[in-house]
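Visitor: I should like to learn how to read the features of a protein model. May we go through one together?
Guide: Certainly; let us look at it and take the features in turn.

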2 protein chains.
Amino acid sequence: MNQSERDPENEQAVTPPVPRKRTGGRSARVRDAVLAATLDQVAEHGIEGLTIGDVAARAGVAETTIYRRWGTRTALVAEAVTELAAVANPAPDTGALRADLQLLAEQISQLISRPGVARLVGTTIALSVDPEVAAARHRFWNDRFERTSQVIDRAVERGELPEGTNPREVIETLSAPLYFRLLVGDEAIDDAFIARCVDNTLTLHGNCRLNH
Amino acid sequence: MNQSERDPENEQAVTPPVPRKRTGGRSARVRDAVLAATLDQVAEHGIEGLTIGDVAARAGVAETTIYRRWGTRTALVAEAVTELAAVANPAPDTGALRADLQLLAEQISQLISRPGVARLVGTTIALSVDPEVAAARHRFWNDRFERTSQVIDRAVERGELPEGTNPREVIETLSAPLYFRLLVGDEAIDDAFIARCVDNTLTLHGNCRLNH
């Protein structure tokens, strides 16, 4: 997902490539290069300052490649960010809820301190009257909640959380204070704060006999 | 703070007014008209689409009046929003922590569902690399935390919260899930959710003997 992973052989591919089936290597490399270039452009210019042309130039692919595959700027950004979150944040599975929540909180902390992510989060809120932005935001959060819900489901199976626990509520409890700090912007997220978020989540949702 | 409160006698004041001391009526009316116009413009166009000229025209005052009093667009927006939050959200004082927290949560819910506020919150995050926007955001949140901290201080005095409670932590616990819903954008804030935010805050911060 970073710059060094871009394929140098694509740097000069400024004419539309011959249409082909997406079978493996080149297609995947183009996708990675385009998504990485998209994140870089968003970090520097925000969604509102991003153009398909700039992304194409940065990724070394033709604009038509991007339009054919993603359709719109917003769809492109949505996939880039969803991919970033998914790759950087595999759902932890340590076998213990506390350790899983700790890893999740650390992942969120790292994600939101990444250059450009604050700008991106802010922009998705600011532009959410745009149905396409709203849809992209929905896809992103849905993907996040689905992936992280596995952590909660496994904890229920192990008896660390009560039967019938709503996974999304637990993830909300853990995530909200971290994102609130991003929103307020005055206080850094340090280890003590992450520990408090984990403790509070266990206190509010955990099976008392196990977590108190 | 709303349109109907604008002073019609200012509607035609398109030439710079004669400098005068700010003594009472007219100065306060100009301020109200300008701040109301600012909020309306932000709701419609975002901070980034707001110009002092448009605000002046909407408020019926001279641009120079705004520049002299507020200096910059960002300072103007910051004062308008801080004022909105302060006027719409007086710190509750019912004599009981649970009722105060309930009112605070309802105020936050109403504030963030107000047209334009999501856009404004998003924009302050998106543009927080700009030192002036960052400073405005800091002033806004500082004002909010200071006002709401009174609620917590009074609860400590009444023995509903432990001595040494950090007011900001309690306000964070209450506010974070509400703002997180604004950020995710998928689920409305309903009465059940507000009640859960209040319960959770009491569980995490309250004196056990009183709240459990």
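Visitor: Which kind of interaction do the side chains of B:Arg168 and A:Asp186 form?
Guide: This is a predicted model, and the statements that follow are to be read as such. The side chains of B:Arg168 and A:Asp186 form a salt bridge, with N and O 3.9 Å apart. The pair crosses between chains: A:Asp186 lies in the loop between helix 8 (167–184) and helix 9 (191–205) of chain A, and B:Arg168 lies in helix 8 (residues 167–184) of chain B. A:Asp186 is partly exposed, with a relative accessible area of 29%.

Visitor: How many salt bridges are there over all chains, and how many lie across the interface of chain A and chain B?
Guide: The structure holds 24 over all chains. Across the interface of chain A and chain B, the rule finds eight.

Visitor: Where should I look for a salt bridge within one chain?
Guide: Consider A:Arg181, which forms one with A:Glu187, the closest N and O atoms being 3.7 Å apart. Buried means under 20% relative accessible area; A:Arg181 is therefore buried, at 9%. Its partner A:Glu187 is partly exposed, at 36%.
Guide: In chain B, B:Arg181 forms a salt bridge with B:Glu187, again with the closest N and O atoms 3.7 Å apart. Salt bridges that share partners join A:Arg168, A:Glu172, B:Arg181, B:Asp186 and B:Glu187 into one network. Within this network, B:Arg181 counts as buried at 9% relative accessibility, whereas B:Glu187 counts as partly exposed at 34%.

Visitor: How does one describe the size of an interface?
Guide: The size of an interface is often given as the accessible area lost when the parts come together. Here, chain A and chain B bury about 3000 Å² between them, with 61% of it on carbon and sulfur atoms. A:Ile125, A:Phe180 and A:Leu183 supply 22% of the area that chain A buries against chain B, more than any other three residues. In terms of contacts, 31 residues of chain A meet 31 residues of chain B.

Visitor: How are chain A and chain B related in space?
Guide: A turn of 180 degrees, with a shift of 0.0 Å along the axis, lays chain A on chain B with an RMSD of 0.0 Å. The two copies are thus related as by a two-fold rotation axis. Of the residues of chain A, A:Gly122 comes closest to that axis, its C-alpha being at 1.9 Å. Moreover, 100% of the interface residues of chain A are also interface residues in chain B, so the copies meet through the same surface.

Visitor: How should I read a helix, taking helix 4 of chain A as the case?
Guide: An α-helix has 3.6 residues a turn, so residues three or four places apart point the same way. Helix 4 (residues 73–88) of chain A has 16 residues and reaches 22 Å from its first C-alpha to its last, close to the 22 Å expected. Its buried residues include A:Thr74, A:Leu76, A:Val77, A:Val81 and A:Leu84. Among the elements that cover them are helix 1 (25–45), helix 5 (97–112) and helix 7 (131–157) of chain A.

Visitor: Which residues have the most contacts inside the largest nonpolar core?
Guide: They are A:Val34, A:Ile66, A:Tyr179, B:Val34, B:Ile66 and B:Tyr179, in a core of 113 residues. Leaving aside neighbours within four places in sequence, B:Ile66 is in contact with residues including B:Val34, B:Ile52, B:Val55 and B:Leu76.

Conventions
Residues are numbered from 1 along each chain as its sequence is written. Chains are lettered from A and ligands numbered from 1 in the order in which they are written. This is a predicted model: local features need pLDDT of at least 70, side-chain atom pairs count only at pLDDT 80 or more; totals for chains, interfaces and linings use all residues. Side-chain values use heavy atoms; hydrogens and water are left out. Copies are superposed by least squares on the C-alpha atoms of residues with pLDDT of at least 70 in both. Contact means heavy atoms within 4.5 Å. A nonpolar core is a set of buried Ala, Val, Leu, Ile, Met, Phe, Trp, Tyr and Cys residues joined through side-chain atoms within 4.5 Å. Buried means under 20% relative accessible area, exposed over 50%, partly exposed in between (1.4 Å probe, protein chains only). A salt bridge is a side-chain nitrogen of Lys or Arg within 4 Å of a carboxyl oxygen of Asp or Glu. Helices (H or I, at least four residues) and strands (E, at least two) are DSSP runs, numbered from the N terminus. The expected span of a helix is 1.5 Å times one less than its number of residues. Buried area is the accessible area (1.4 Å probe) that two parts lose on being put together, summed over both.
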